Amino acid sequence: MILSVSDLTKSFGDKVVFEKLSFQIREHEHVAIVGNNGCGKSTLLKVIVGEEPADSGSVVFAKDSTYGYLAQYQDADYPGTIYEYVYHAREDILDMEEKLRKMESDMKTVSGDDLTKLMDSYQKLSHEYMLEGGDSYLSRVGGTLKGLGFTDDDFSKKMSELSGGQKTRVALSKLLVTNPDMLLLDEPINHLDLRSIEWLENFLINYSGAVIIVAHDRYFLDRTVTRCIDLSEKQAHDYSGNYSSFMQQKDLFLLTREREYEKQQKKIEHEEKVIEKLQSFNREKSIRRAESRKKVLEKIDRIEKPKELDTSMKLSLSPLSTSGKDVLTVEHLSKSFDGRQIFSDVSFEIKRGEKVALIGDNGIGKSTILKIINDIFPADSGKIKIGTGVTIGYYDQEQHGFNEDNTLFDEMQDAYPSLNNTRVRNVLAAFLFREDEVYKQIRDLSGGERGRISLAKLMLSGANFLILDEPTNHLDMDSKEILERALNNYDGTVLYVSHDRYFVNQTASRILELKADGIHEYLGNYDYYLQKRDEIRTDFGIASEQVEAIETQTVTDSQADWQKQKEESRARKKKERELSDVESQIEDLEGQKEEINKKFEDPETAKNSAKLNELTSELNSLDEKLKKLYDKWESLADE
């Protein structure tokens, strides 16, 4: 165990971020902290490393262990160059190297016992130097910087010249070369291109230390972690496996918890009815039984009602009309900015119903192509042909096209004047804008809120060709999955640019990779693209006889389930009939008892001892029958 977190609680004012979190991280374990925006993932990392104080609880690292922490935002104040900043990350290695060089120099001037002692010290220090990776340190510094997107020419740049994103990449480089026992990384890939992300993935996969990652890139998490800690409802829920495995387990967990709650509620309702019925018999023994069952019911450990998962958007995309087969044709497209060629001779076609992802390195011109298609930028050369009956819905990552003075309500009404107030409010509520939030001005929205209002407008457009530029930016994981399902159920055509590889993998039927030499086409999702790109051939086909066997088994299983349900229903109805019959018998015998009790009150009967004995015998017989019937009723009611 390298880290132990016990009963950790953190609040900001009246808002409790998380409470009584407990978990442990073992050596060499790679763990993701997951959960919706605002659940406290970044705060948890800050508390672990001591940048934020906890309200209560403890954080304990293993004795003599080291850790390295990467925050989301970096503002390194360093006077030197990029290379120098990373190079000086391991001053211990540099000090050892300096001592070794001095020893080598001193060896030339000493002899005898002094030389023997010096040689012995040199050997020990050399061994320690090798263990710390000193012999490969220079190559690690350069390799890490290049892996994270810097070139040899960048190495001499001053830290003061860099953007915030570049500083974060340099900070990550420095952290990785220190090689601590544990890495804590908060959104480490925010400023990386695809190549750098893949490099970091491979680095972390082979990293021998423990790793804790907070990231919104689900594909990245799938490749780098073997355990997920979900911060939901202010608690830590532990799941083994990568992100996809976590999602499957979480869905099952939520479904199981919901069923357990419903089952218990039915049991409680049933018990209350049994208690009420026993009390209605108005017999001393029945009342005692009712009281006994009531005490048991009061002691039951009640399951809390699962909270409604109302944190995700509700998105449904439907085209109002069907386009022709040929949706988009791009021929020999070229574009330059300020004399710099962005791309040239780009050609591709998109057919009705396709879901096409346009991918490529940062700055290669992907978003520019979408803007040219939407007539926002002019092309230098080439042709864009929109097919017959095509209506375009465009989602711009830069969120242009808003009236900054509008409220959210006004923005929706201006875009769709035929909508009544209730419909506008319902649509905004589906995208998590509720009550007075609908009167927020566009100018005051965050990037994520702008993205959601753009998707809300897109939902109502009825377009049959959606062009989306980074649609998952600023969305939390639940909302990304809502969008994925909406696109997969959408009958129209989609062309989009996205760095979210998990999103691409879930939604793309074809991938266009934009490179310096033009467009490269892959007829599949992101996994398929990686396989083909790396020239790895894998046949995922299932033999026809296997498919037949699976289908046959599915039919057989369905029939068995149906038969089982039918038998259970028949048995349940039989029990219900028996219960009703017993209740009728109880009612009949109670009526007979009442008649006998009336006869006891007759003065003539009181004088007739034989009649009294006869009535008493009848009453005892009825009581015996009623006792058996009450027992049977209670047993049937429980069943």
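A salt bridge is a side-chain nitrogen of Lys or Arg within 4 Å of a carboxyl oxygen of Asp or Glu. By this criterion the whole structure, a predicted model, holds 35 salt bridges.

**Exercise 1. Confidence**

Task: State the mean pLDDT of the chain, and find where pLDDT stays under 50.

Solution.
1. The chain has a mean pLDDT of 85.
2. A pLDDT of 70 or more is reached by 92% of the residues.
3. The stretch under 50 covers residues 536–559. For this stretch the model has four contacts beyond four places in sequence.

**Exercise 2. Salt bridges between elements**

Task: For the pairs of R227, R293 and E521, name the partner and the N to O distance, then place both residues and give their burial.

Solution.
1. R227 pairs with D238, with 2.7 Å between the closest N and O atoms. R227 belongs to strand β8 and D238 to strand β9 (residues 235–240), so the pair, eleven residues apart, links distant parts of the chain. R227 is buried at 7% relative accessibility, while D238 is partly exposed at 45%.
2. R293 meets E271 at 2.9 Å, N to O. Here helix α10 (residues 284–299) supplies R293 and helix α9 (residues 243–281) supplies E271, 22 residues apart. R293 is buried, with 11% relative accessibility, and E271 is buried too, with 14%.
3. E521 and R510 have their closest N and O atoms 2.8 Å apart. E521 sits in strand β18 and R510 in strand β17, eleven residues from each other. E521 is partly exposed, its relative accessible area being 46%; R510 is buried at 5%.
4. Apart from these pairs, a network of salt bridges links R218, K480, E481, E484 and D500.

**Exercise 3. The six-stranded sheet**

Task: Give the strand order of the open sheet, say which strands stand at its edges, and describe the helices that pack on it.

Solution.
1. The order is β14-β15-β16-β12-β17-β18, with mixed pairing.
2. β14 (392–395) and β18 (518–522) each have a single partner strand, so one side of each lacks a neighbour in the sheet; these are the edges.
3. On average, neighbouring strands are turned by 15 degrees against each other, direction ignored.
4. At the β18 edge, the partner is strand β17 (residues 510–515), joined to β18 in the antiparallel sense by five bridges. Within this pairing, E513 has H520 of β18 as its bridge partner.
5. Helix α11 packs on the sheet and touches β12 (355–359), β14, β15 (465–469), β16 (493–497) and β17. The direction of α11 makes about 145 degrees with that of β15.
6. Helix α14 (residues 447–461) lies across β14 and β15, at about 175 degrees to β14.

**Exercise 4. Burial of α11**

Task: Why is helix α11 described as largely enclosed by the rest of the structure?

Solution.
1. The cut-off for buried is under 20% relative accessible area.
2. Residues K366, S367, T368, I369, L370, K371, I372 and I373 of α11 are buried.
3. That is eight of the eight residues of the helix (residues 366–373), so α11 is largely enclosed.
4. Just after the helix, D375 takes a positive phi of about 65 degrees.

**Exercise 5. Strand β3**

Task: Determine whether the two faces of β3 are buried or exposed, and identify the strands that pair with β3.

Solution.
1. Five of the five residues of β3 (residues 30–34) are buried.
2. One face carries H30, A32 and V34, the other V31 and I33, and both are covered.
3. Strand β7 (residues 210–214) pairs with β3 in the parallel sense over three bridges. In this pairing V31 has I212 as its bridge partner.
4. Strand β8 (residues 227–232) also runs parallel to β3, joined by four bridges. Here I33 is the bridge partner of I229.

**Exercise 6. Cysteines**

Task: How many disulfides does the structure hold, and why are C39 and C228 not bonded to each other?

Solution.
1. A disulfide is a covalent bond between the sulfur atoms of two cysteines.
2. The count is zero.
3. The cut-off for the two sulfur atoms is 2.5 Å.
4. From the sulfur of C39, the closest cysteine sulfur is that of C228, 13 Å away, which is too far for a bond.
5. Both residues are buried: C39 has a relative accessible area of 14%, and C228 has 0%.

Definitions and conventions
Residues numbered from 1 in each chain as written. Predicted model: local features only at pLDDT ≥ 70, side-chain atom pairs only at ≥ 80, totals over all residues. Heavy atoms only, no water. Buried < 20%, exposed > 50% of the residue type's maximum accessible area, 1.4 Å probe, protein only. pLDDT = per-residue confidence, 0-100. Contact = heavy atoms within 4.5 Å. Pairing = 2+ DSSP bridges. Axes fitted to C-alpha atoms, helices over the stretch in contact; angles between N-to-C directions.
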